[in-house]
Amino acid sequence: MKGEANMKIRRVLIIDGYNDEPGGLGVPPYIDVYPRYIAGALWYADKDIKIDYVTVDSFRSSKSWIRKASLYDLVVVIAGVVVPGRYLGGRPALPEEVELWGRLIEGPFKVLAGPAARWGMGLEGGRPAVPPYKFQRAGYHVLVKGDVEQYFYELAKYGEERASPHSIRRDYKLTNVVSVLGARIVRQHPNYGRNLIAEIETYRGCARWVSGGCSFCVEPLRGRPVQRDPRGVVEEVKALYEEGVRNFRLGRQADILVYGSKELGEKEWPRPSPEALEKVFRGIRAEAPNLETLHIDNVNPGTIVRYPEESRRSLKIIIKYHTPGDVAAMGLESADPKVTKINNLNTTPEEAIEAIKIVNEVGRIREDSGLPHLLPGINFILGLPGESKKTYRMNREFLEEILKRDLLVRRVNVRRLMIIPLTRVSRMKVSFDKKLRLLASSFIWWVRNYFEVEMLKRVAPPGTTLKNLWVETCLNNLCYARSPGSYPLVVALKGSFARGTLIKKAVVRGIRTGRSVLAEPVEVYEHCM
Ligand code: SF4
């Protein structure tokens with residue numbers, strides 16, 4: 001540490017290595033809560049602290065960063081992908097990079113925060129995650145296992161000896177204050193002023209912690225859910241909006257439908273409270289009147305089938321206030337009842353079909369030939385204990401049934417199991433042998449090359465209008481753009497556009513792959529970088 005435990009912190013560097021968790025995403029264009037809460041907590045303790053924020057993509061692009069980092073009093077590394085995906089907007093920190101920085105940055109007090117510190121990290125399903133102790137050995141002085149705002153506030157206010165890295169919030173009082181103060185850190189994000197999207201937290205934990213939750217998931221490890229009052233959420237959105245953020249996702253919770261339920265924390269299946277949901281959505285719209293994106297993320301299909309009426313009302317409220325092209329991500333994980341039982345998963349395939357039907361009833365409407373308002377997304381995890389050859393037949397039959405019934409889903413997310421230390425699956429027998437691995441690969445191929453293509457033809461047929469597409473990368477005479485939001489479509493545009501160009505309006509001309517469409521820009525575009 002540069003100086004002793006209680007030395008005054010004047011200069012802080014936050015290196016955002018990005019996080020991806022069941023409830024929370026921090027890979028650009030997203031900025032998750034960690035850098036915002038950490039900055040806000042430090043400024044709450046001492047408003048004169050100077051904080052620099054750098055993304056891992058910028059950090060690794062210049063060797064001089066390691067030398068510069070050594071000049072700070074405190075270096076905070078945020079990292080941890082625990083539900084790996086494919087990323088277009090940035091390359092999350094690798095475990096070996098996090099270890100290397102711990103070793104190479106000499107001088108400052110070094111703190112690791114995010115899922116990597118709490119549960120470990122990986123980048124690929126099918127392999128165990130790297131456990132947190134490896135990072136401790138790599139030279140980090142502290143690994144924050146509790147809630148970041150608690151630790152960093154105590155660190156800056158009372159010094160290292162009195163700051164507990166295990167401190168867990170009992171309510172959102174401190175979070176509400178620091179989230180507002182920390183909003184201005186967004187100005188240092190490379191996507192600021194363009195497609196930056198802020199992940200917003202409404203509660204912590206999962207209602208199913210009561211029964212232990214799904215075997216592979218880290219959310220139940222957070223303990224009894226703690227909810228944030230609508231005012232706190234709205235005030236944070238207002239602060240971010242005033243700083244210039246125009247895209248928001250209420251994505252930091254296990255199931256948006258049960259936000260505000262009095263039974264959350266008490267029952268495994270709380271009854272949704274459409275009134276509480278309306279309060280928060282209405283408040284956001286009032287404080288951020290010209291926002292461009294307001295999306296959601298996780299919805300538990302088990303909630304929808306248990307409370308179809310309250311869920312329909314809640315979904316209608318979301319549609320009333322959100323922006324179209326939204327996705328309600330649902331974790332089915334496996335269509336095999338044996339796997340569901342062994343791993344204490346959410347729902348049976350029959351229930352999931354029913355939930356998908358209800359979301360379709362309410363959400364598949366379109367405006368001005370655009371994308372449907374709100375569609376379900378489906379998550380599968382391959383390699384869970386209890387799988388057999390039959391599992392893969394059932395997974396496929398489940399998706400075929402969706403096509404047969406002419407239901408729409410926006411995307412299917414198929415991941416291989418990543419074993420995170422402390423989750424229940426880490427203590428279970430997992431045998432993902434060669435035969436199953438081959439079946440898994442063939443299932444993934446079928447989903448990508450058949451199911452998703454068929455589905456995309458229905459979700460985004462030629463003539464569909466797409467708005468606010470930001471060019472992210474170009475390759476072989478095609479540029480790829482996405483609009484900010486939940487699981488946005490990848491849109492391939494012929495021609496050459498600078499990265500950061502905004503295509504205000506484009507029209508779909510055809511399907512390119514199961515995940516991308518070919519589109520033609522039809523309205524003025526602006527060069528924004
Ligand atoms: S329902 Fe299962 S997968 Fe979803 S957050 Fe809870 S434990 Fe995790």
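Strands are DSSP runs of E with at least two residues, numbered from the N terminus. The model shown is predicted.

**View 1. The cis peptide bond between Pro28 and Pro29.** Pro28 and Pro29 are joined by a cis peptide bond, with omega at about 15°. Pro29 lies in the loop that runs between strand 2 (24-25) and strand 3 (30-31). Most peptide bonds are trans.

**View 2. Glu333, a residue of strand 13 with a positive phi**. Glu333 belongs to strand 13 (residues 326-333). Its phi is about 70°, although Glu333 is not a glycine. Most residues other than glycine have a negative phi. Glu333 counts as buried because its relative accessibility is 6%, and the cut-off for buried is under 20%.

**View 3. Leu422, a loop residue with a positive phi**. The loop holding Leu422 connects strand 15 (411-416) and helix 16 (434-459). Leu422 is not a glycine, yet its phi is positive, about 85°. Leu422 is exposed, because its relative accessible area is 55% and exposed means over 50%.

**View 4. Helix 9 and its surroundings**. Helix 9 (residues 230-242) has 13 residues, so at 1.5 Å a residue it should span 18 Å; the C-alpha atoms at its ends are 18 Å apart, in agreement. Its buried residues are Gly232, Val233, Val234, Glu236, Val237, Ala239, Leu240 and Tyr241. Among the elements that cover these buried residues are helix 1 (33-45), helix 8 (173-181), strand 8 (197-201), strand 11 (247-252) and helix 10 (274-287). After helix 9 comes Gly244, with a positive phi near 115°.

How values were computed
Residues are numbered from 1 along each chain as its sequence is written. This is a predicted model: local features need pLDDT of at least 70, side-chain atom pairs count only at pLDDT 80 or more; totals for chains, interfaces and linings use all residues. Side-chain values use heavy atoms; hydrogens and water are left out. Helices (H or I, at least four residues) and strands (E, at least two) are DSSP runs, numbered from the N terminus. Buried means under 20% relative accessible area, exposed over 50%, partly exposed in between (1.4 Å probe, protein chains only). The expected span of a helix is 1.5 Å times one less than its number of residues. Contact means heavy atoms within 4.5 Å.
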